[in-house]
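Please find below a short set of numbered notes to read alongside the model. They go through the points one by one.

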Amino acid sequence: MLPLGVRPGRQRRSHGPANTNGTDSDGSDEGMPDLGPQVFNPSLEDVLNVRHLLQWNVAHGLPEELIDMIIDAAEYWPSIEQKMQHKRVIQKDRDQVLLKTVPLCYDRNSLEQGSSPTPLPHRGAHPCRKIVFNISSHDQGGRQRRDNMYEFSWTWFDTEVIHHAHTRNMYVNGTEQEILDNERGQVRKHYTEADALLLPRGNKLQGNGAHVSDMQHNTIVWDYRDDIQADSPEAFEIQKTLGRGRLNLDGHGVHELEVGDSIALWARARFPGWSNHVERASVRMYWAV
């Protein structure tokens, strides 16, 4: 078996979900730090071929339950990645959707061409196994960096699950459609103290370091095996030192996704003078077959 850090589709990570500097992708993102061995992301055809070999080319064949265990242990899952198309600067109260993933277990071309597209091969009603977010961003900078750089940071990123996105005409004539309210931040919204989106919450994806003008490269991995409880000391430490929301550390964001769901990645900024500068963003979703 390959070493932990270079297994197919595997991100280097410490115990539990953690941020790392770099990208999960194929090396095409210029300017991202080099983490060493490139991650290999198998195609759907690759995974189906391996399953066929284990079932029919091994002496006597392996039972499907054992094949499932082998595939999951090796993290040999197909995936689809969506990337932000151009740089963004999100000003105060003009939150924007940076990208929306292709609905889980669907092919974009089939969604564009048919009214009743067939999902890709998958295993079970909740086949998602891992989601990898890559974000390169910073705020407006301009002041001395604090020891705890995520404290009092008013630029951050959230996720929103779009349930049954495969039924919502996301793609028309090759163009992705806006299906969420104010996706491009066309209207500056007025957030009050009663509004849940006024400040970063415990379920945020990632915060920018406050008053840090240098580019920050964050890789956030959600894994179906994550089990850090929100009220644990470890969760509070991750929130403080890595800028992640402590409510997203127990794997529920992966477990609860259903076939056809999409994830929207929001960038936010609050209060006068604050702005969220996003150089790159991508989301890769892995599912079991």
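**Notes on the predicted model**

1. In this predicted model, phenylalanine 152 is placed in the loop between β5 and β6. Its phi is near 60°, a positive value in a residue other than glycine. Most residues other than glycine have a negative phi. Phenylalanine 152 counts as partly exposed, at 46% relative accessibility.

2. Asparagine 173 also deserves a check of its backbone: its phi is positive, about 55°, although asparagine 173 is not a glycine. This residue lies in the loop between β7 (171-172) and β8. With a relative accessible area of 77%, asparagine 173 is exposed.

3. The count of salt bridges comes to 20. One of them joins aspartate 93 to arginine 270, with the closest N and O atoms 3.6 Å apart. Aspartate 93 sits in the loop between β3 (88-91) and β4 (96-100), and arginine 270 in the loop between β11 (262-269) and β12 (275-287), so this pair ties together parts that are 177 residues apart in sequence. Both ends fall under the 20% limit for buried: aspartate 93 has a relative accessible area of 8%, and arginine 270 has one of 1%.

4. Which residues are linked with aspartate 93 and arginine 270 in a network of salt bridges? The other members are Lys92, Asp95, Asp158, Arg201 and Arg268. Arginine 270 has an aromatic partner as well: arginine 270 lies over the face of tyrosine 191, at 3.8 Å from the ring centre.

5. Glutamate 183 forms a salt bridge with lysine 100, and the closest N and O atoms are 3.0 Å apart. Because glutamate 183 lies in the loop between β8 (175-176) and β9 (206-207) while lysine 100 belongs to strand β4, the pair ties together parts that are 83 residues apart in sequence. Glutamate 183 and lysine 100 are both buried.

6. Is the salt bridge between glutamate 178 and arginine 184 made by buried or exposed residues? Glutamate 178 counts as partly exposed, at 40% relative accessibility, and arginine 184 counts as exposed, at 52%. The closest N and O atoms of this pair are 2.4 Å apart. For context, side chains of opposite charge can pair when their charged atoms come close.

7. There are 5 aromatic pairs in the structure. One of them is tryptophan 77 with tyrosine 224, an edge-to-face pair with 6.0 Å from centre to centre and 80° between the planes. The two residues come from distant parts of the chain, 147 residues apart: tryptophan 77 is in the loop between α2 (64-73) and β2 (79-83), and tyrosine 224 is in the loop between β10 (216-223) and α4 (233-242). Tryptophan 77 counts as buried, at 0% relative accessibility.

8. Trp77 and Tyr224 form one aromatic cluster together with Tyr286. Tyrosine 224 also has a charged neighbour, since arginine 129 lies over the face of its ring, at 5.0 Å from the ring centre.

9. The largest nonpolar core has 49 residues. Within this core, the residues that touch the most other members are Leu98, Ile131, Phe133, Phe157, Leu205, Leu265 and Val278. The elements giving two or more residues to the core are the helices α1 (44-57) and α2 and the strands β4, β5 (128-138), β6 (155-162), β10, β11 and β12.

10. What does leucine 205 contact once its neighbours within four places in sequence are left aside? The partners include Phe133, Phe157 and Leu265, which are also named among the core residues that touch the most other members. Other contacts of leucine 205 are Ile135, Asp158, Thr159, Ile220, Trp222, Arg244, Gly245 and Asn248.

11. An open sheet is formed by 4 strands in the order β4-β11-β6-β9, with antiparallel pairing. Its edge strands, β4 and β9, each pair on one side only. The antiparallel strands β6 and β9 are joined by 2 bridges, and phenylalanine 157 stands opposite glutamine 206 in β9.

Key: Residues are numbered from 1 along each chain as its sequence is written. This is a predicted model: local features need pLDDT of at least 70, side-chain atom pairs count only at pLDDT 80 or more; totals for chains, interfaces and linings use all residues. Side-chain values use heavy atoms; hydrogens and water are left out. A salt bridge is a side-chain nitrogen of Lys or Arg within 4 Å of a carboxyl oxygen of Asp or Glu. Buried means under 20% relative accessible area, exposed over 50%, partly exposed in between (1.4 Å probe, protein chains only). Rings of Phe, Tyr and Trp (its six-membered ring) pair if their centres lie within 6.5 Å; planes under 30 degrees apart count as stacked, over 60 as edge-to-face and the rest as tilted. A charge sits over a ring if NZ of Lys or CZ of Arg is within 6 Å of the ring centre and within 35 degrees of the ring normal. A nonpolar core is a set of buried Ala, Val, Leu, Ile, Met, Phe, Trp, Tyr and Cys residues joined through side-chain atoms within 4.5 Å. Contact means heavy atoms within 4.5 Å. Two strands pair if DSSP finds at least two bridges between them.
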